[in-house]
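User: I have a model open and would like to go through the terms used to describe it. Please give the reasoning behind each one.

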Amino acid sequence: MSLRKLKIILEMIKFEHSIFALPFAFMGAVLGNIVVEQTWPTWMEILWVTVAMVGARSAAMSLNRLIDRFIDAKNPRTANRAIPAGLISIAEVVIFIVVSFAVLFFAAFQLNPLAVKLLPLAVFVLILYSYTKRFTWLCHFVLGVAIGFGPLGGWVATTGQVDGTGLLLFISVLFWTAGFDIMYACQDTDFDRKEGLYSMPSRFGIGKALMIARGCHVITFFGLLSLYMIADLSIWFLVGVLISGAILLYEHSLVKPTDLSKLDVAFFNMNGILSMVMFTFTMLDLVIS
């Protein structure tokens with residue numbers, strides 16, 4: 001595969017949007033080891049968590065683009081994506097998917113036995129998500145599970161266990177993801193209804209869907225607040241939670257049922273900032289306290 005084709009694939013899967021999930025994966029890895037082992041994870045553990053996350057996201061996004069190629073071709077918003085536009089072949093995308101999954105598997109085997117045992121479940125959810133909008137409007141929550149496996153995977157990678165605190169972080173990220181995915185799906189409401197696709201906006205309308213998204217983000221906020229109390233963290237983590245809550249409020253102020261013009265700002269900018277804020281203040285908490 002040429003560098004030009006690789007660049008096309010990386011643009012297709014929005015590789016730069018790894019910033020959504022990576023900070024929470026690092027947060028899970030570092031916080032988990034501090035809470036459970038009372039020590040910092042090794043640099044090699046962080047390296048393999050990073051490699052696993054990049055492999056998982058690359059495989060999942062490429063698979064999603066491959067499975068949805070016929071739907072994307074019909075949707076004016078997505079018709080210029082690499083596969084329907086003919087910029088990349090099916091075979092080249094399949095090769096990239098296989099390599100990405102291989103990278104994920106290799107990284108998991110460098111960590112611990114539990115990470116390997118949970119790998120089939122993670123791969124199943126990554127594959128399942130791409131099909132869910134064909135049969136359930138709960139598809140946003142399946143994506144939430146897939147992204148939530150990032151911080152939970154980081155937690156497992158450095159601790160070798162799953163506990164209540166790690167699951168609380170998983171649930172917080174699950175509802176954060178589901179909330180912003182519901183918001184993002186609002187722009188395809190008419191198309192989804194026309195094509196018989198399932199989503200919260202196509203099922204309940206944009207107004208109710210945005211209310212559900214707000215509810216998801218309320219759960220995220222209180223989940224992170226509960227994490228602050230349960231993990232016995234300091235004021236720095238709480239500051240991060242409060243800033244993240246303010247970001248979520250601002251994000252929702254940008255999107256209205258009658259005006260979706262600022263949806264990209266709300267989706268890309270605000271959520272990228274939020275994940276970085278939570279990781280930064282988690283690190284401040286653990287370093288200073």
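User: How much accessible surface does the protein have, and what share of the surface belongs to carbon and sulfur atoms?

Analyst: This is a predicted model. The accessible surface of the protein is about 13,000 Å², and carbon and sulfur atoms hold 69% of that surface.

User: What is the secondary structure of the protein?

Analyst: The protein has 13 helices and 0 strands. Along the sequence the pattern reads α-α-α-α-α-α-α-α-α-α-α-α-α.

User: What makes the protein as compact as a globular protein of that length?

Analyst: The radius of gyration is 19 Å, and the globule rule gives 19 Å for 289 residues; the two are close, so the protein is as compact as a globular protein of that length. Along the principal axes, the C-alpha atoms fill a box of roughly 55 × 45 × 30 Å.

User: What share of the residues count as buried, and what share of the contacts with a separation of 6 or more comes from residues 24 or more positions apart?

Analyst: Of the 289 residues, 54% count as buried. Among contacts with a separation of 6 or more, 73% are between residues 24 or more positions apart.

User: How far apart are the mean positions of the positive and negative charges?

Analyst: They are 9 Å apart, taken over 20 positive and 18 negative charges.

User: Why is T165 called buried?

Analyst: The relative accessible area of T165 is 13%. Buried means under 20%, so T165 is buried. T165 lies in helix α8, which covers residues 164–185. Not counting residues up to four places away in sequence, T165 touches W155, L227, I230 and A231.

User: Why is L274 called buried?

Analyst: L274 has a relative accessibility of 1%. The limit for buried is under 20%, so L274 counts as buried. L274 lies in helix α13. With neighbours within four places in sequence left aside, the contacts of L274 are F24, W176, S244, I247 and L248.

User: How far is L274 from P84, in sequence and in space?

Analyst: L274 and P84 are 190 residues apart in sequence, and their C-alpha atoms are 32 Å apart.

User: Why is Q38 called exposed?

Analyst: Exposed means over 50% relative accessible area. Q38 has 65%, so Q38 is exposed. Q38 sits in the loop between α2 (22–37) and α3 (43–67). Q38 also has a positive phi of about 60 degrees, although Q38 is not a glycine.

User: What makes D232 exposed?

Analyst: The relative accessible area of D232 is 69%. That is set against the cut-off of over 50%, so D232 is exposed. The loop between α11 (206–230) and α12 (235–254) holds D232. The phi of D232 is positive, about 55 degrees, although D232 is not a glycine.

User: Why is L242 called partly exposed?

Analyst: Buried means under 20% and exposed over 50%, with partly exposed in between. L242 has a relative accessible area of 47%, so L242 is partly exposed. L242 lies in helix α12. The C-alpha atoms of L242 and F221 are separated by 8.3 Å, and the two residues are 21 residues apart along the chain.

User: Why does K256 count as partly exposed?

Analyst: K256 has a relative accessible area of 43%. Partly exposed is the range between under 20% and over 50%, so K256 is partly exposed. K256 is in the loop between α12 and α13. K256 and M183 are 73 residues apart in sequence, and their C-alpha atoms are 9.7 Å apart.

User: Which residues touch the most other members of the largest nonpolar core?

Analyst: They are F24, M27, W176 and M278, in a core of 57 residues. The elements giving two or more residues to this core are α2, α3, α7 (139–159), α8, α11, α12 and α13 (263–288). α8 gives the most, with 11 residues.

User: Which residues is M27 in contact with, leaving aside its neighbours within four places in sequence?

Analyst: M27 is in contact with G32, L169, L227, F237, M278, F279 and T282. There is also a second, separate core of 29 residues, which includes I13, W48, A108 and A146.

Definitions and conventions. Residues are numbered from 1 along each chain as its sequence is written. This is a predicted model: local features need pLDDT of at least 70, side-chain atom pairs count only at pLDDT 80 or more; totals for chains, interfaces and linings use all residues. Side-chain values use heavy atoms; hydrogens and water are left out. Helices (H or I, at least four residues) and strands (E, at least two) are DSSP runs, numbered from the N terminus. The radius of gyration is taken over C-alpha atoms; the globule rule is 2.2 Å times the number of residues to the power 0.38. Buried means under 20% relative accessible area, exposed over 50%, partly exposed in between (1.4 Å probe, protein chains only). Contact means heavy atoms within 4.5 Å. Accessible areas come from the Shrake-Rupley method with a 1.4 Å probe; for residues, only the protein chains shown count as cover. Lys and Arg count as positive and Asp and Glu as negative; His and the chain ends are not counted. The place of a charge is taken as NZ of Lys, CZ of Arg, CG of Asp or CD of Glu. A nonpolar core is a set of buried Ala, Val, Leu, Ile, Met, Phe, Trp, Tyr and Cys residues joined through side-chain atoms within 4.5 Å.
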